Amino acid sequence: QTHFLSHSLQAKMSRPVQARRLEGIDKNIWVEFVKLAATYSKVNLGQGFPDFPPPDFLTEAFARALSGGNHMLHQYTRAFGHPPLVKVLAQFFEKLLGRDVDPMTNVMVTVGAYQALFCCFQALVDEGDEVIIIEPFFDCYEPMVKMAGGTPVFVPLRPNPPKDGKWMSSADWQLDPAELASKFNKRTKAIVLNSPNNPLGKVFSRGELGLIAELCVKHDVLCISDEVYEWLVYDGKQHIRIASLEGMWDRTVIIGSAGKTFSATGWKVGWVVGSDRLMQHVRTVHQNSVYHCATIAQEAVAQGFQRELMLYGKPESYFVQLPKELQQKRDWLVQSLDGVGMKPIIPEGTYFLVADISQFKSDVPDVSNSDEPYDHRFAKWMVKNKGLAAIPLSAFYSEGHKNNYTNFIRFCFAKEEATLKAANDILQKWKQEKASS
């Protein structure tokens with residue numbers, strides 16, 4: 001009797017339990033490398049989060065919201081965004097885009113930019129739709145497109161090294177206009193744009209954005225514009241919002257992040273801004289998944305934005321101060337990496353800096369019968385032997401293209417001075433070891 005029961009139970013459980021949409025998307029670079037960093041690293045320049053605190057005005061706003069007299073801040077607020085936050089975001093975007101923005105229909109608050117992306121792909125991408133993704137890309141775009149039933153189509157930024165032996169800049173990684181145009185067809189539903197780009201730090205120029213906009217309008221294609229690093233732009237460069245270009249407001253959803261804007265990544269407050277034609281569908285996904293975001297975090301972020309709206313463009317604005325500080329940190333890390341023989345690619349924006357590691361092939365032992373790319377092997381070797389954690393660049397490429405970009409790794413420089421100094425000490429010691437070997 002028992003044998004019969006267990007046999008029939010096994011027979012019943014033989015079909016796959018997972019949904020088909022999860023096939024092939026179970027691997028995640030962060031799970032592996034975060035574990036490696038936690039185990040071996042003395043200095044972690046892998047994951048993209050600051051190890052310095054958010055600004056005082058923000059944490060004070062959070063404390064006020066938590067302990068103040070308004071006990072309703074501990075309860076649900078409006079599902080699509082706390083009214084003070086959507087209101088101030090609308091005021092900001094009116095200024096940035098030069099158009100009317102309705103806080104109730106054009107702005108939605110999400111659990112970080114990650115949920116904003118998920119809502120957009122689920123709402124706008126259908127079975128059989130093609131979605132163009134520019135490489136290198138933030139790694140969640142591909143699985144999110146696939147989960148929505150879409151087909152990712154990849155187009156790489158191609159490096160054009162300067163001839164004079166100068167350091168390469170992220171601006172030297174460019175789209176081939178003919179190659180990009182060839183990816184658009186009647187099945188193309190959307191293109192994902194990430195500017196400033198993670199991992200390269202590239203800030204797309206007005207000309208590049210104009211080319212993308214022209215193709216979107218011509219082929220009636222949507223643009224999912226991930227702009228979480230919008231305030232983190234260096235060397236006097238300007239972040240241009242593609243939704244401000246002709247014909248693009250009605251076909252663009254803009255994704256933003258309080259985590260990146262105010263150095264508070266754990267608060268998980270993000271948003272989507274776009275025309276109601278698109279936003280009504282994004283709201284439907286949100287109301288049937290997360291439904292609602294933490295009220296107190298939204299209240300504090302709203303107060304942070306109200307302060308920044310008053311100080312907009314002034315020297316004491318956090319949006320002016322933070323990129324200055326980060327540019328300095330970037331420059332320290334550039335010098336440290338150059339000192340040990342890595343060739344940095346100078347980023348125009350973001351938290352990240354990519355470096356060429358092709359000079360180190362003799363340092364890293366070959367693994368026989370392994371098809372693991374060199375940058376993965378190098379990053380693992382570096383964290384285990386040097387105590388310095390970084391992320392391999394080929395993790396930001398599709399399966400078909402990743403073997404073309406295995407000589408680079410990504411560092412995060414949004415770190416305290418002490419962290420960057422500790423990284424420099426490791427690199428200096430490494431340099432001495434190389435000199436004496």
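The sulfur of C412 lies 17 Å from the closest cysteine sulfur, that of C140, which is too far for a bond. C412 is also buried, at a relative accessible area of 0%. This is a predicted model, and its cysteines make a handy place to begin.

C216 has a neighbour to consider as well: the nearest cysteine sulfur belongs to C223 and is 5.3 Å away. A disulfide calls for two cysteine sulfur atoms within 2.5 Å, and C216 is in no disulfide. Like C412, C216 is buried, with a relative accessible area of 0%. The disulfide count comes to zero. Here are the two cysteines side by side.

| Cysteine | Nearest cysteine sulfur | Relative accessible area |
|---|---|---|
| C412 | C140, 17 Å | 0% |
| C216 | C223, 5.3 Å | 0% |

Now to the sheet. In what order do its seven strands run? The order is β2-β11-β10-β9-β8-β3-β4, in an open sheet with mixed pairing. The edge strands, β2 and β4 (151-156), each pair on one side only. From one strand to the next, the twist averages 20°.

For a closer look at one pairing, take β3 (residues 130-135) and β8 (residues 188-194), which run parallel and are joined by four bridges. Within this pair, E130 stands opposite T188 in β8.

Two helices that pack on the sheet are worth following in the viewer. Helix α4 touches β2, β10 and β11, and its direction makes about 120° with that of β2. Helix α10 (residues 276-287) touches β2, β9 (222-226), β10 and β11, with a direction at about 30° to that of β2.

Let us stay with α4, which covers residues 83-97. How far apart should the ends of its 15 residues be? At 1.5 Å a residue the helix should span 21 Å, and its end C-alpha atoms are 21 Å apart, so the model agrees with the expected span.

Which residues of α4 are buried? They are L85, V86, V88, L89, A90, F92, F93, L96 and L97. An α-helix has 3.6 residues a turn, so residues three or four places apart point the same way. The buried residues of α4 pack against the strands β2 (107-111), β10 (252-257) and β11 (269-274), and also against the helices α11 (295-310) and α12 (318-340). Just after α4 comes G98, whose phi is positive, near 65°.

How values were computed
Residues numbered from 1 in each chain as written. Predicted model: local features only at pLDDT ≥ 70, side-chain atom pairs only at ≥ 80, totals over all residues. Heavy atoms only, no water. Helix = DSSP H or I, 4+ residues; strand = E, 2+ residues; numbered from the N terminus. Expected span 1.5 Å × (residues − 1). Buried < 20%, exposed > 50% of the residue type's maximum accessible area, 1.4 Å probe, protein only. Contact = heavy atoms within 4.5 Å. Pairing = 2+ DSSP bridges. Axes fitted to C-alpha atoms, helices over the stretch in contact; angles between N-to-C directions.
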